[in-house]
Amino acid sequence: MNWKSFRSALRSPATIAVLLAGLLSAGLLSTSLWGPALVRAQSSSAAPSTQRKTSNPYTGDLTIFDTPGRDERLQINRVMDMLGIEPGKNVADIGAGSGWFTVRAARRVTGSGAVYAVDINPEAIQYIAQRAKKEQLQNIKTIVSKPDDPQLPANTIDAVLLLKTYHEVAHPVLLLRNLHSSLKPGAKIGVIDRNGNGENHGISKDVIVREAAQAGYELRDSQDFVKADGVDYFLIFIAKGN
């Protein structure tokens, strides 16, 4: 490298950070004097993080999710077939809301299985707990989760569904990474959502596929049979290596 190239390289914060780190480790510079400069250089060299738009989580009347005919519109029995939800399986309903899917999955897995109703809204979880008691479904377990962590038990879950929830998740890659340890080998993760820009209660399926890949998942199936209008879609992922 000639002097002109070397002088140009020194204009880069990343290069300065590397040089300072090397001199500090060799004991040629004082940490007390140059440590802050190194931190600033490293910080300025990092690419700014961008966060896509999301929709505000729903906090209104939960009974609206139990509209007549929703089973047929979403073809929920076909969805459960494709996710392998059957007697004895453990299922996670992330973003459970009113528990509309929770109770249907609970009946499908019978008493030999379990359904974990996961939501960040304590009122929704209370609503589901009361619903489970009323409908005598003792295999429903409720979890008030964190926005980026479903807090499910390790190595327990056979199938997951995020039903019209993904567009509300502010840090989906982190959520999916935290989900990983809860999954049994071969577990399927289903996402039902609608086309949109993130803030209009919908999100492009390509965005979900990209974010899931970043979190360590691969797409296994993509369907548009959910609703006849072609607006909704159904994606199935599995963890890479499973």
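Contact, on this tour, means heavy atoms within 4.5 Å. Keep that in mind whenever one element is said to cover or pack against another. One more thing before you start clicking: this is a predicted model.

**The whole chain**

Start with everything in cartoon view. The protein chain has nine helices and seven strands. Of its 242 residues, buried ones make up 41%. Now think about which parts of the sequence meet: among contacts between residues at least 6 apart in sequence, 71% join residues at least 24 apart.

**Stop 1: helix α7**

Select residues 122-134. That is helix α7, with 13 residues, and it reaches 18 Å from its first C-alpha to its last, close to the 18 Å expected at 1.5 Å a residue.

Next, show side chains for Ala-124, Ile-125, Ile-128, Arg-131 and Ala-132, the buried residues of α7. Turn the view until you look down the helix axis: these buried residues fall within an arc of 120 degrees, so they line one face of α7. What sits over them? The cover includes α6 (100-109), β2 (114-119) and β3 (140-144), so colour those three if you want to see it.

Now swing round to the face turned away from the buried side. There you'll find the exposed residues Pro-122, Glu-123, Gln-130, Lys-133 and Lys-134.

Both ends of this helix deserve a click. At the N-terminal end, Asn-121 acts as a cap, with a side-chain oxygen 3.0 Å from the backbone nitrogen of Glu-123. Just after α7, pick Gln-136, where phi is positive at about 55 degrees.

**Stop 2: the sheet**

Hide the helices for a moment and look at the strands. In what order do the seven strands run across the open sheet? Reading across, you get β3-β2-β1-β4-β5-β7-β6, with mixed pairing. At the edges stand β3 and β6 (217-223), each with a single partner strand, so one side of each is left without a neighbour in the sheet. Ignoring direction, neighbouring strands here are turned by 20 degrees against each other on average.

Zoom in on β5 (residues 183-194) and β7 (residues 232-239). These two strands run antiparallel and are joined by six bridges. For one pairing you can pick by hand, take Arg-194 in β5: its bridge partner in β7 is Asp-232. Is Arg-194 buried, exposed or partly exposed? With a relative accessible area of 28%, Arg-194 is partly exposed.

While Arg-194 is selected, add Lys-205. The two are 11 residues apart in sequence, and their C-alpha atoms are 8.0 Å apart in space.

**Stop 3: helix α9**

Bring the helices back and select residues 205-214. This is α9, which lies across β5, β6 and β7, running at about 10 degrees to β7.

Its buried residues are Val-207, Ile-208, Glu-211 and Ala-212. Look down the axis again: they fall within an arc of 130 degrees, so they line one face of α9. These buried residues pack against α8, β5, β6 and β7.

Pause on Glu-211 in that set. At 9% relative accessibility, Glu-211 counts as buried, because the cut-off for that is under 20%. Which residues does Glu-211 touch, leaving aside its neighbours within four places in sequence? Show Arg-52, Tyr-166, Pro-172 and Val-173 to see those contacts.

Check the ends here too. Ser-204 caps the N-terminal end of α9, placing a side-chain oxygen 3.2 Å from the backbone nitrogen of Asp-206. Just after the helix, Gly-216 takes a positive phi of about 100 degrees.

**Stop 4: two lysines in loops**

Some background for the last stop: most residues other than glycine have a negative phi.

Select Lys-164, in the loop between β4 (157-163) and α8 (172-180). Lys-164 isn't a glycine, yet its phi is positive, at about 50 degrees.

Then jump to Lys-227, which lies in the loop between β6 and β7. Phi of Lys-227 is also a positive value, near 70 degrees, and this residue is not a glycine either. Lys-227 is partly exposed, with a relative accessible area of 26%.

Key. Residues numbered from 1 in each chain as written. Predicted model: local features only at pLDDT ≥ 70, side-chain atom pairs only at ≥ 80, totals over all residues. Heavy atoms only, no water. Helix = DSSP H or I, 4+ residues; strand = E, 2+ residues; numbered from the N terminus. Expected span 1.5 Å × (residues − 1). Buried < 20%, exposed > 50% of the residue type's maximum accessible area, 1.4 Å probe, protein only. Arc of directions from axis to C-beta. Polar contact = N/O pair within 3.5 Å; in protein donor to acceptor, adjacent residues only side chain to side chain. Pairing = 2+ DSSP bridges. Axes fitted to C-alpha atoms, helices over the stretch in contact; angles between N-to-C directions.
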